[in-house]
Each structure stands twice: as structure tokens, then as C-alpha cells.
Amino acid sequence: MADRSLRGIRLGAQSLQSEEGVVFMERRSTTYKCESCGHETTLMFSAEAEPPQTWECRACGAEAVLQVDGASVKLEESDQKAARTHWDMLLERRSRDELEELLEDRLAYVRARRGSGDDPTRERIGA
């Protein structure tokens with residue numbers, strides 16, 4: 001029991017596991033170059049994995065393009081639809097005029113609950 005004691009060890013600072021018997025997967029270095037700022041990002045992927053064509057630039061947040069043999073790859077156009085937002089789905093169900101009317105009705109209801117048709121705080125704030 002004395003040889004397995006954790007006395008005197010800094011918990012979290014050192015791992016008690018060893019890499020003995022561990023076989024690492026083959027990896028390859030992949031480079032992405034940002035067209036806006038020129039920053040290059042190097043990432044490690046499994047040799048079997050297909051790296052994505054674009055990656056977010058760590059410097060400016062724009063899209064960096066995959067580099068193969070020092071040249072940018074040509075981006076493929078995919079048939080995937082862009083993700084629909086809540087606003088897009090709302091516009092599929094109602095017209096903009098209907099939404100304006102609903103907003104006015106709801107604002108009138110909220111103002112009536114406050115006790116008057118006009119909002120007195122608007123005059124004080126200067127809105």
C-alpha cells in the first residue's frame with residue numbers, strides 16, 4: 001500500500017498514466033491560409049480523415065482556405081441548403097404586413113396593461 005500512496009503529489013499537475021503500449025494514429029499537418037489577412041493556420045488531422053476545405057481564421061475570423069502543395073484548393077459548391085433562421089421560417093408563414101399588424105396589436109395590448117394608451121415613459125426618456 002505504501003508504494004501506491006498519493007502523499008506529496010500535486011493533484012492535477014501530473015498524470016499517473018504512461019504512454020507505454022499506446023500506438024498513436026498516423027497524422028498529417030494541414031495548412032489553411034486566410035485570404036483577408038494572410039494568416040496561416042496549421043492543424044493536425046488523422047491521415048485517414050478528409051480535411052475540410054475551409055477553416056475559421058484565428059486572427060480575423062474570416063474563412064481560411066485549405067492549402068495543398070502551396071496553392072489554395074478550388075472550393076466545391078455543395079448542394080446543401082443554408083441553415084434557415086427563425087426569421088426565415090416566420091416569413092414563410094406570414095407576410096411582412098401581417099407581422100407589422102401583429103406587432104401593433106401586441107404593443108397596444110402591452111400599453112393598455114400599463115394603464116394608458118400612451119406610454120408615459122417615452123416622453124420622459126425622450127424617445
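Is E92 buried or exposed in this structure? E92 is exposed, its relative accessible area being 53%; the cut-off for that class is over 50%.

## Overall architecture

The model described here is predicted. Its chain contains five strands and three helices, and the order of these elements from the N terminus is β-β-β-β-β-α-α-α.

The chain has 127 residues, of which 12% count as buried. About 11,600 Å² of surface is exposed, and carbon and sulfur atoms supply 48% of that area. Among contacts with a separation of 6 or more, 19% are between residues 24 or more positions apart.

## Strand pairing

Strand β1 (residues 27-34) takes part in two antiparallel pairings. With strand β2 (residues 40-46), β1 shares seven bridges, and R27 has S46 of β2 as its bridge partner. With β4, β1 shares four bridges, and the partner of K33 in β4 is V65.

Strand β4 (63-68) is also paired with β3 and with β5. The β3 and β4 pairing is antiparallel and comprises three bridges; within it, W55 lies opposite A64. Strand β5 (residues 71-72) is joined to β4 by two bridges, again in the antiparallel sense, with Q67 opposite S72.

## Hairpin turns and positive phi angles

Three hairpins can be described by their turns. Five residues separate the strands in the hairpin of β1 and β2, where G38 has a positive phi near 80°. Six residues separate the strands in the hairpin of β3 and β4, where G61 has a positive phi near 90°. The hairpin of β4 and β5 has two residues between its strands.

In the loop between β4 and β5 lies D69, a residue other than glycine with a positive phi near 55°. Most residues other than glycine have a negative phi. D69 is exposed, because its relative accessible area of 82% is over the 50% cut-off.

## The nonpolar core and its surroundings

The largest nonpolar core comprises seven residues: Y32, C34, L43, F45, C57, A64 and L66. Strands β1, β2 and β4 each contribute at least two residues to this core. One of its members, A64, has contacts beyond four places in sequence with Y32, K33, C34, Q53, T54, W55 and C57.

T30, a residue of β1, is classed as buried because its relative accessibility is 5%, where the cut-off is under 20%. Beyond four places in sequence, the contacts of T30 are T41, T42, L43, F45, P51 and L66.

## W55 in strand β3

W55 belongs to strand β3 (residues 54-56). Its relative accessible area is 32%, so W55 is partly exposed; this value falls between the limits of 20% and 50%. Setting aside residues up to four places away in sequence, W55 touches Y32, L43, F45, A62, E63 and A64. Of these contacts, A64 is also the residue opposite W55 in β4.

Where does W55 stand relative to T31 in sequence and in space? The two residues are 24 positions apart in sequence, and their C-alpha atoms are 9.6 Å apart.

## Helix α2

Helix α2 (residues 96-114) has 19 residues. At 1.5 Å a residue, its span should be 27 Å, and the end C-alpha atoms are indeed 27 Å apart, so the expected and modelled spans agree. The expected value is obtained by multiplying 1.5 Å by one less than the number of residues. After α2 comes G115, which has a positive phi near 115°.

## The salt bridge

How many salt bridges does a search of the whole structure find? The search finds one, and this salt bridge links R84 with E92. The closest N and O atoms of the pair are 2.9 Å apart, which satisfies the criterion because the cut-off is within 4 Å. Side chains of opposite charge can pair when their charged atoms come close. The E92 partner of this salt bridge is an exposed residue.

Note on methods. Residues numbered from 1 in each chain as written. Predicted model: local features only at pLDDT ≥ 70, side-chain atom pairs only at ≥ 80, totals over all residues. Heavy atoms only, no water. Salt bridge = Lys/Arg side-chain N within 4 Å of Asp/Glu carboxyl O. Buried < 20%, exposed > 50% of the residue type's maximum accessible area, 1.4 Å probe, protein only. Contact = heavy atoms within 4.5 Å. Pairing = 2+ DSSP bridges. Areas by Shrake-Rupley, 256 points an atom, 1.4 Å probe, with all protein chains shown as cover. Core = buried A, V, L, I, M, F, W, Y, C linked by side-chain atoms within 4.5 Å.
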